Amino acid sequence: MLEYFNRQIQLWGEDTQTLLYSKKIAIIGSGGLGSSLAFALGASGIGEIHMVDFDEVSIHNIHRQIAFKLGDEGKNKALVNCELIEERCPFVKAIAHECNFKEFTKKNIDVDLIIDGTDNLETRDNIDKYAKSKNRPWIYGSVEAFHGQVCFFDESNFADAFKITSQTPAGIAAPIVMHIASLQANLALRYLAGLSVVKDKLYYLFFNEEGEMITQKFRLPKPVKA
């Protein structure tokens with residue numbers, strides 16, 4: 001185990017690596033963002049990872065959902081991701097939940113952090129409300145075309161920052177999915193390892209017409225205390 005995590009231990013020491021092993025996370029959605037998160041976090045030494053998704057793999061998913069390959073069509077996405085996590089890192093326990101987010105919440109599983117890998121605003125609003133009811137932070141991520149957004153939600157309310165609609169993403173380029181998931185994973189690892197994390201700040205990344213990548217930052221409003 002020490003050899004497997006050698007480069008991370010060089011970064012933060014054995015005590016922090018042991019701390020990670022005591023942590024539990026839930027990744028809601030096991031498609032584009034979710035499967036990239038499974039790759040990034042599944043081999044990091046987090047003790048327990050819960051993958052949540054009711055959906056099955058379709059052929060049009062595979063180009064951007066890196067956990068899947070031709071032949072996986074019809075398999076549950078959470079199950080495939082969990083098999084991949086444990087194949088790559090036998091020190092991590094990966095648990096698949098073949099259900100939607102509301103059904104997952106009824107299981108009342110206590111985790112240290114929730115990470116959004118979904119594709120709609122309504123579910124993200126539900127994640128935010130659930131996380132606050134459990135006094136837990138969560139990490140938001142979204143992608144569309146060549147742009148994406150990331151935020152570590154703590155005190156701010158998702159509904160105060162976004163208009164909740166049933167709109168879903170249009171076309172998506174595969175690399176931006178991996179890029180946004182990588183940023184989410186870095187925030188998750190820093191938080192779980194006890195390192196500093198900027199909270200309630202939205203990062204918006206996009207390519208302009210000249211092909212330059214632009215990053216904008218927005219401080220989200222905090223709830224007004226009575």
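## Notebook: sheet, helices and cysteines

I started at Tyr-140, which stands opposite Cys-151 in S6. This is a predicted model, so I read everything below as computed from it. Tyr-140 led me to the strand pair: S5 (residues 138-144) and S6 (residues 147-153) run antiparallel and are joined by seven bridges. The two make a hairpin with two residues between them, and in that turn Ala-145 has a positive phi of about 55°.

**Other side of S6**

I then looked up what S6 pairs with next. S7 (residues 201-207) runs antiparallel to S6, with four bridges joining them. Val-150 has Tyr-203 of S7 as its bridge partner. How much of S6 is buried? I got six of its seven residues, so I noted the strand as mostly covered. Cys-151 comes out at a relative accessible area of 0%, hence buried.

**Whole sheet**

Zooming out, I traced an open sheet of eight strands with mixed pairing, in the order S3-S2-S1-S4-S5-S6-S7-S8. Which strands stand at the edges? I found S3 (93-97) and S8 (213-219) there; each has a single partner strand, so one side of each lacks a neighbour in the sheet. On average, neighbouring strands are turned by 15° against each other, direction ignored.

At the S3 end I checked the pairing with S2 (residues 48-52): it is parallel, over five bridges. Glu-48 stands opposite Lys-93 in S3. Helix H3 (residues 77-88) packs on the sheet here, touching S2 and S3, and its direction makes about 175° with that of S3.

**H2 against two helices**

Next I followed H2 (residues 32-42), taking H3 as the first partner to look at. The axes of H2 and H3 come within 9 Å and cross at roughly 20°. That angle is under 35 degrees, so I logged H2 and H3 as roughly parallel to each other. From H2 the contact uses Gly-34, Ser-35, Ala-38, Phe-39 and Gly-42, and from H3 it uses Asn-81, Leu-84, Ile-85 and Arg-88. I have the H2 and H3 crossing down as right-handed.

Then H7 (residues 174-192). Its axis and that of H2 come within 8 Å and cross at roughly 50°, so I wrote the pair down as oblique. H2 passes H7 in a right-handed crossing. Which residues make the contact? On the H2 side I listed Gly-32, Leu-33, Ser-36, Leu-37, Ala-40 and Leu-41; on the H7 side, Val-177, Met-178, Ile-180, Ala-181, Gln-184, Ala-185, Ala-188 and Leu-189.

**Trp-12**

Leu-189 turned up again when I looked at Trp-12. Trp-12 is found in helix H1 (residues 6-21). Is Trp-12 buried or exposed? I got a relative accessible area of 18%, under the 20% cut-off, so Trp-12 counts as buried. Leaving aside neighbours within four places in sequence, Trp-12 is in contact with Gln-17, Leu-20, Leu-189, Ala-193 and Leu-195. I also took a distance along the way: the C-alpha atoms of Trp-12 and Asn-61 are separated by 36 Å, with their positions 49 residues apart along the chain.

**Two acids in H5**

I compared notes on Asp-125 and Glu-122. Asp-125 is found in helix H5 (residues 121-133), and Glu-122 has its place in helix H5 too. Asp-125 is buried, at 9% relative accessible area. Glu-122 counts as partly exposed, at 43%.

For contacts I skipped residues up to four places away in sequence: Asp-125 touches Phe-158, Ala-159 and Ile-164. With its neighbours within four places left out, Glu-122 is in contact with Ile-164, Thr-165 and Ser-166. So Ile-164 is on both lists. Glu-122 and Ser-166 are 44 residues apart along the chain, yet their C-alpha atoms are separated by 6.6 Å.

**Cysteines**

Last, I went looking for disulfides. How many did I count? Zero. Why does Cys-89 not form one? The closest cysteine sulfur to that of Cys-89 is in Cys-82, 13 Å away, which is too far for a bond; the cut-off is within 2.5 Å. Cys-89 is buried, with a relative accessible area of 0%.

Note on methods
Residues numbered from 1 in each chain as written. Predicted model: local features only at pLDDT ≥ 70, side-chain atom pairs only at ≥ 80, totals over all residues. Heavy atoms only, no water. Pairing = 2+ DSSP bridges. Axes fitted to C-alpha atoms, helices over the stretch in contact; angles between N-to-C directions. Contact = heavy atoms within 4.5 Å. Buried < 20%, exposed > 50% of the residue type's maximum accessible area, 1.4 Å probe, protein only. Parallel < 35°, antiparallel > 145°, perpendicular 65-115°, else oblique. Left-handed = near helix turned anticlockwise from the far one by under 90°.
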